[in-house]
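Colleague: I am new to this one, so could you walk me through it?
Modeller: Gladly; here it is.

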Amino acid sequence: MKGIVFREFTEMVESQFGEEMVDDLIETTQPQSGGSYTTVGTYDHRELVAMVGVLSERTGIAGDALVRQFGKHLADVFSKKFPAFFDDCPNIIEFLKKIDNHIHVEVKKLYPDAELPKFSYVERSDQEFELIYESQRNFADLAHGLIEGCAAYFNEDFLISRENMTNENNIAIFKLRRLD
């Protein structure tokens, strides 16, 4: 997993829970990387999973809720760091349709070793859209938060539901139904 994800996770933890919490997470989990992340580095995703587990214990917030919250945070960060991806789209549906065939292609140019999830979609109607998430890792909660964050960016109201297709939480179908 690319270091930008780890850096943003520690930024979110620091802004919401304080610098001491970040230090505690690193001390407690003792990640193989030492907890020093560069944006272009590649790190074992299990380091993030371990930190989320400890953060959940310390805060009493469920791990899946923390990861989803982090996804929303990442959507906000990505919209500021990579505005061209967002500016080219009139709405969230058009944005989501471009993840695999445009956004991830550009990400791979910057980070050839990035292991990205796959996304496909089915347009059911003008009001209903399905996004299918597939990954080696079980981060459907992160994808869920990213989708919610992108909906907020585009200022669109959707009911977003999710059906996990595996127990590992690595294949999921997100169903978006427009509310306006």
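**Rings and charges**

Modeller: Searching the whole structure turns up 13 aromatic pairs, meaning rings of Phe, Tyr and Trp (its six-membered ring) with centres within 6.5 Å; planes under 30 degrees apart are stacked, over 60 edge-to-face and the rest tilted. This is a predicted model, where local features need pLDDT of at least 70, side-chain atom pairs count only at pLDDT 80 or more, and totals for chains, interfaces and linings use all residues. Residues are numbered from 1 along each chain as its sequence is written, and side-chain values use heavy atoms, leaving out hydrogens and water.

Colleague: How many residues apart are Phe6 and Tyr43?
Modeller: Their rings sit 5.6 Å centre to centre with 70° between the planes, an edge-to-face pair. Phe6 is in helix α1 and Tyr43 in the loop between α2 and α3; helices are DSSP runs (H or I, at least four residues), numbered from the N terminus. The pair links distant parts of the chain, 37 residues apart.

Colleague: Is Phe6 buried or exposed?
Modeller: Buried means under 20% relative accessible area, exposed over 50% and partly exposed in between (1.4 Å probe, protein chains only). Phe6 has 0%, so Phe6 is buried.

Colleague: Which element gives the most to the negative patch?
Modeller: The patch is formed by Glu11, Glu14, Glu19, Glu20, Asp23 and Glu27; such residues have over 30% relative accessible area and no salt bridge (a side-chain nitrogen of Lys or Arg within 4 Å of a carboxyl oxygen of Asp or Glu), with like charges joined within 9 Å. The element giving the most, with 4 residues, is α2.

Methods
Helices (H or I, at least four residues) and strands (E, at least two) are DSSP runs, numbered from the N terminus. Patches are made of residues with over 30% relative accessible area and no salt bridge: like charges are joined within 9 Å, nonpolar side chains (Val, Leu, Ile, Met, Phe, Trp, Tyr) within 5 Å. Accessible areas come from the Shrake-Rupley method with a 1.4 Å probe; for residues, only the protein chains shown count as cover. Lys and Arg count as positive and Asp and Glu as negative; His and the chain ends are not counted. The place of a charge is taken as NZ of Lys, CZ of Arg, CG of Asp or CD of Glu.
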